[in-house]
Amino acid sequence: MKRPKLDPISEAGLRKKTQIHLRRYWPSVVQMRRILQRHIDRNIRRWGGDREEAMARIDPLLEELVERGKLNDARFTRSWVEQLDRRGVSRRAIIAKMREKGIETDLVLDELSRLDDEGGDRELLRAIAYARRRRLGSAQRDPLRREARREKDLAVMARAGFSYGIARRVMESEDLIQLQEDVEGSCSSDV
């Protein structure tokens, strides 16, 4: 097999890999480090080379990307937390997902508290969005089936990271849309 013209574990090769990836995705610093490490390992297995020397090129490259604003964990965190919040992901699950992406818990908690400051019971709003998306409780169309599945739906909500009190309140609601409007209305009247 013919070796590529640009050495993939050289500094230029790593820069090209980051440029290609940043055109398509918006990773955190830790995710970009993992991507570059996998890239180096894959190319060393294929072409050979000094792994330690190649790995030493990652940190200066990442620092430069952070300085230039190409990688920004705060912006990354804000975007992801807002997206997960809208999808109805619980607070616990948001923290866990962001930890998987290599984001410090403090950054995530800051974003969650910023959302909480906007008003309303955000965790209840997330639970409502989750129940509507998964068709749990009153979001289920068949009322006979709704009562039969009540305990299972509560268990689904608990596994998703919602407290029993919030899950019970969502499951006992006859109209999730009305409950959501009430919660959102209470937050706008507080302002």
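Me: At what angle do the axes of H5 and H7 cross?

Reply: Axes are lines fitted to C-alpha atoms, for helices over the stretch in contact, and angles run from 0 to 180 degrees between N-to-C directions. Helices (H or I, at least four residues) and strands (E, at least two) are DSSP runs, numbered from the N terminus. Here the H5 and H7 axes cross at roughly 50° and come within 9 Å. This is a predicted model, in which local features need pLDDT of at least 70 and side-chain atom pairs count only at pLDDT 80 or more, while totals for chains, interfaces and linings use all residues. Residues are numbered from 1 along each chain as its sequence is written, and side-chain values use heavy atoms, with hydrogens and water left out.

Me: Which word describes how H5 and H7 stand to each other?

Reply: Angles under 35 degrees count as roughly parallel, over 145 as roughly antiparallel, 65 to 115 as roughly perpendicular and the rest as oblique. H5 and H7 are therefore oblique to each other.

Me: Is the crossing of H5 and H7 left-handed or right-handed?

Reply: A crossing is left-handed if the near helix is turned anticlockwise from the far one by less than a right angle, and right-handed if clockwise. The H5 and H7 crossing is right-handed. On the H5 side, the contact (heavy atoms within 4.5 Å) involves Asp-73, Ala-74, Thr-77, Arg-78, Val-81, Glu-82 and Asp-85. On the H7 side, Leu-107, Val-108, Glu-111, Leu-112, Arg-114 and Leu-115 take part.

Me: Which residues of H6 are buried?

Reply: Buried means under 20% relative accessible area, exposed over 50%, and partly exposed in between (1.4 Å probe, protein chains only). In helix H6 (residues 91-100), the buried residues are Ala-93, Ile-94, Ile-95 and Met-98. Their cover includes helix H5 (73-87), helix H7 (105-117) and H8. After H6 comes Gly-102, with a positive phi near 85°.

Me: Which residues touch the most other members of the largest nonpolar core?

Reply: A nonpolar core is a set of buried Ala, Val, Leu, Ile, Met, Phe, Trp, Tyr and Cys residues joined through side-chain atoms within 4.5 Å. The largest one has 20 residues, and Met-157 and Val-170 touch the most other members. At least two residues of this core come from each of helix H8 (122-134), helix H10 (150-159), helix H11 (164-172) and helix H12 (176-190). H8 gives the largest share, 6 residues. A second core, separate from this one, has 15 residues, among them Ile-9, Leu-14, Ile-35 and Leu-61.

Me: With which residues is Val-170 in contact, leaving aside neighbours within four places in sequence?

Reply: Val-170 is in contact with Leu-124, Ala-127, Ile-128, Ala-131, Met-157, Leu-176 and Leu-179. Val-170 also belongs to the meeting of H8 and H11: Glu-123, Leu-124, Ala-127, Ile-128 and Ala-131 in H8 meet Ile-166, Arg-169, Val-170 and Met-171 in H11. The axes of H8 and H11 come within 10 Å, crossing at roughly 50°. These two helices, H8 and H11, are therefore oblique to each other, and their crossing is right-handed.

Me: Is Thr-18 buried or exposed?

Reply: Thr-18 has a relative accessible area of 2%, so Thr-18 is buried. Thr-18 is part of helix H1 (residues 11-24). Beyond four places in sequence, Thr-18 touches Met-32, Leu-36, Leu-61 and Leu-65.

Me: Which backbone oxygen lies 2.7 Å from a polar atom of the side chain of Thr-18?

Reply: A polar contact is a pair of N or O atoms within 3.5 Å; within protein, one must be able to donate a hydrogen and the other to accept it, and residues adjacent in sequence count only if both atoms are side-chain atoms. For Thr-18, the partner at 2.7 Å is the backbone oxygen of Arg-15. Asn-43, in helix H2 (residues 29-47), offers another case: its side chain reaches the backbone oxygen of His-39 at 2.8 Å. Asn-43 counts as buried because its relative accessibility is 12%.

Me: What is the phi of Arg-135?

Reply: The phi of Arg-135 is near 55°, a positive value in a residue other than glycine. Arg-135 sits in the loop between H8 and helix H9 (143-148). Its relative accessibility is 43%, so Arg-135 counts as partly exposed.
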